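This report turns to the surroundings of a bound ligand and then to the chain that carries it. Please keep the sequence and the structure open while reading.

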Amino acid sequence: MDHELFSEERSAEVVAASFASAPPRLRELLTSLVTHLHAFVKETGLTAQEWEQGIAFLTAAGHKCDDVRQEFILLSDVLGVSMLVETINHRTAGGSTESTVTGPFHVVASPSRALGDSISLDGKGEPCLVTGQVTGPDGEPVPGASVDVWQASADGFYDVQQPGIQPERNLRGLFTVDADGRFWFNTIVPRYYPIPDDGPVGGMLHAAGRHPFRPAHVHFIVTAPGHQTVTTHLFVAGSPYIDSDAVFGVKESLVRSFPLVNDPARAAEHGLPNPFRTVHFDVRLLRAQDAPAPAGD
Ligand code: BEZ
Ligand code: FE
């Protein structure tokens, strides 16, 4: 391949030209990547020592990865790239519940539960009744929808982080909504927690003076035949870090208050101690055929 010789001035163009024969989308991605990377090096006047440090950081991130730990996704999360990819690929135009990141803790399948069951297997934490309805874009109920939920404990840990301490599958459940699209289950109020920060990404946050915490939330994946899946969170209003989520996952439309209810009859009906917390979270799905075009189309 003949190409123009490398120069500082035309470095990006010279390298981009080397991808001229790549398939169109690959060429587009690599050309843009090279253009932005070269601009970054020039704009910052990157030193050889800083470049070496960057390579060492990426090498350490790779070494930290295994079957259950993905340090590069964590890096993408704390740089806001995961949320950006999620957001531009799930533009809702107000028609459906907003989405947010999946995170690394959906590593085991949630056990099937009946409506009204508790997902708290150890009973530790502040009891809470979660209710909601799955609807389509016009507010019509979506019977048959599946609601997959998982959350951290009152101490801020997922079951998979505390084998032998929490029961397996604690605070996870897979529900099928009723004929009106409604779901309800018992749980406990989750706590805020730090993302895994014992690796190079944690080191970067520390060096930059950033904290690793996420505000309290419950994860949801809602699926239904003929509809687009929504992967999202229900955030606890007033939680510490609600305005400074380490992975930028908070969207205002997903924040709910969890009021304390004093209602002995309702507590008895749901098998909860009185008083108890409640939260209501409706999930609206777009129809499959109404998928908005992703960015760049
Ligand atoms: C989570 O919410 O489970 C999560 C998301 C991104 C990084 C770490 C954890
Ligand atoms: Fe989480």
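## Polar contacts of the ligand

In this predicted model, a polar atom in the side chain of Y193 lies 2.7 Å from an oxygen atom of ligand 1. The side chain of R214 likewise offers an N or O atom, at 2.5 Å from an oxygen atom of ligand 1, and for H219 the separation between a polar side-chain atom and a ligand oxygen atom is 3.0 Å. Ligand 1 taken alone exposes 270 Å², and the protein buries 100% of that area.

## The site and its shell

The site that holds ligand 1 is the largest cavity. Two elements, α4 (71–78) and β7 (217–223), each give two or more residues to the shell around the ligand.

The ligand has 13 residues around it, of which P104, Y193, R214, H217 and H219 come nearest. By class, the shell residues divide into seven nonpolar, four polar and two charged, while the polar side-chain contacts described above involve Y193, R214 and H219.

## Domains of the chain

The domain assignment of the protein chain gives domain 1, covering residues 1–46, and domain 2, covering residues 75–290. When the centres of domain 1 and domain 2 are taken over C-alpha atoms, 42 Å separate them.

## Backbone features in two loops

Two details of the backbone deserve a separate look. The peptide bond that leads from N274 to P275 is cis, its omega being near 0°, and P275 is found in the loop between α7 (264–269) and β11 (276–280).

The other detail concerns Y241, which is not a glycine and yet has a positive phi of about 70°. Y241 lies in the loop that runs between β8 (230–236) and β9 (255–256).

How values were computed:
Residues are numbered from 1 along each chain as its sequence is written. Chains are lettered from A and ligands numbered from 1 in the order in which they are written. This is a predicted model: local features need pLDDT of at least 70, side-chain atom pairs count only at pLDDT 80 or more; totals for chains, interfaces and linings use all residues. Side-chain values use heavy atoms; hydrogens and water are left out. A residue is near a molecule or strand if one of its heavy atoms lies within 4 Å of it. A polar contact is a pair of N or O atoms within 3.5 Å; within protein, one must be able to donate a hydrogen and the other to accept it, and residues adjacent in sequence count only if both atoms are side-chain atoms. Accessible areas come from the Shrake-Rupley method with a 1.4 Å probe; for residues, only the protein chains shown count as cover. On a 1 Å grid over the protein atoms alone, a cavity is a set of points where a 1.4 Å probe fits but cannot get out, and a pocket is an open set with protein on both sides within 12 Å along at least five of seven lines; lining residues have an atom within 4 Å of a point. A molecule sits in a cavity or pocket if more than half of its atoms lie within 2 Å of its grid points. Helices (H or I, at least four residues) and strands (E, at least two) are DSSP runs, numbered from the N terminus. Ala, Val, Leu, Ile, Met, Phe, Trp, Tyr, Cys and Pro count as nonpolar, Asp, Glu, Lys and Arg as charged, and the others, Gly among them, as polar. Domain bounds come from an automatic or database domain assignment.
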